[in-house]
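Me: Could you take me through the side-chain interactions of the structure shown here, by way of questions and answers?

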Amino acid sequence: MTWDYDAIIGFSNGMLRGVELQKKKFKYTNLLDASVALSTLSNFDDNNIITSSKRKILLFNLNNKKISKTYVIQESGNIIGVVKKDNILIVGVENGTVVFRPVKNIRNVVLEKVNAGSNLTCIKQVLALSKFATGGNENPLKIWDFETGKIEFTAKSPKPDMLQLKQPCNVSDIGFFNNNKAVVCHRHGVVELFDPLSSQRRPVNSSTAQNTGFVCLRTLPDYSDHDVIVGSTKGSIYHYDFRGKTTLPVKTFRGSTGSIKSISCINYLSQMHVMSISLDCHVRLHNFTTGDLTLQDYIVAKPLSLIMKPEEN
């Protein structure tokens, strides 16, 4: 099955809604009514998506629009993210545990769980590699080998400031480029670029925004290996280019009055656009090249997560 819509929005009340981009408007399809509080939303395959609620993982079938499977994680704390590798779900829990949960009866599963450190807030898969990354509050970026469960890279904590005061580390999202460099954004308004293949464990480049925090980011692996889009707590979306010497954003996408919850990129009318959802209950499309607002619509409930249609091979 191929999706009949371009994106799916998950809402905090558990509602799921498909979004189709038409000329000058959004078309919505209700997939699941409000039920349980939604924690995360991610892709599984062409026919299913992964949702989670507290300690439960729910596999939602897009064909019959029903929850087909439920998995319960026996760990204290809520699920903060789920990624899929082959037939195994890699589940991050806020207490710092990363659980490996087979979706089928697989023999000889080497790993069951690893400890990624307390106050975990983010787990992401590395592009095209058997690795995943974690981070959290005072829990810096770590890159793990999926097969062995061992840490391959740990970012160093930020350097103290000029007064030798400790700087915060509060990872909110992680992304990767095709050259395997990692980009991390923090809730205190810092976005950093790391090169795990080098011997340097501190950022090779970074930028800071004043009086705001960063919530989510999106790399553009099909576009470049140096551009990143970052959503802020005050509603602005910043485009950074790590090639330049300046720490200022290339452009700013404006229009939201609430914190950005999720962002992604999509082709609309033969041009690249930035699609975002925010706490002011709106979905928006900005032209990536000009930064202008192309479309926006009120979506009634508070959105939580946004996933895009899988690319067709």
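**Salt bridges, cores and cysteines**

Reply: A search of the whole structure finds seven salt bridges, each being a side-chain nitrogen of Lys or Arg within 4 Å of a carboxyl oxygen of Asp or Glu. This is a predicted model, in which local features need pLDDT of at least 70 and side-chain atom pairs count only at pLDDT 80 or more, whereas totals for chains, interfaces and linings use all residues. Residues are numbered from 1 along each chain as its sequence is written, and side-chain values use heavy atoms, with hydrogens and water left out.

Me: Which strands hold Lys124 and Asp173?

Reply: The side chains of Lys124 and Asp173 meet in a salt bridge, with N to O at 2.5 Å. Lys124 is partly exposed at 25% relative accessibility, while Asp173 is buried at 6% (buried means under 20% relative accessible area, exposed over 50%, partly exposed in between, with a 1.4 Å probe and protein chains only). Strands here are DSSP runs of E, at least two residues long, numbered from the N terminus. The pair ties together parts that are 49 residues apart in sequence, because Lys124 lies in β12 (residues 120-125) and Asp173 in β16 (residues 171-176).

Me: Is Arg284 buried or exposed?

Reply: Arg284 forms a salt bridge with Asp280, the closest N and O atoms being 3.0 Å apart. Its partner Asp280 has a relative accessible area of 14% and is buried. For Arg284 the relative accessibility is 3%, and the residue counts as buried.

Me: Which strand gives the most to the largest nonpolar core?

Reply: A nonpolar core is a set of buried Ala, Val, Leu, Ile, Met, Phe, Trp, Tyr and Cys residues joined through side-chain atoms within 4.5 Å. The largest has 18 residues, and those with the most contacts inside it include Ile9, Phe26 and Met275. At least two residues of this core come from each of β1 (7-11), β2 (16-22), β24 (260-268), β25 (271-278), β26 (282-287) and β28 (303-308). With three residues, the strand that gives the most is β1.

Me: How many disulfides are there?

Reply: A disulfide requires a pair of cysteine sulfur atoms within 2.5 Å. The sulfur of Cys185, a buried residue with a relative accessible area of 0%, has its closest cysteine sulfur in Cys216 at 6.9 Å, which is too far for a bond. For Cys281, buried at 10% relative accessibility, the closest cysteine sulfur is also in Cys216, at 16 Å, again too far for a bond. By this rule the count of disulfides comes to zero.

How values were computed
Helices (H or I, at least four residues) and strands (E, at least two) are DSSP runs, numbered from the N terminus.
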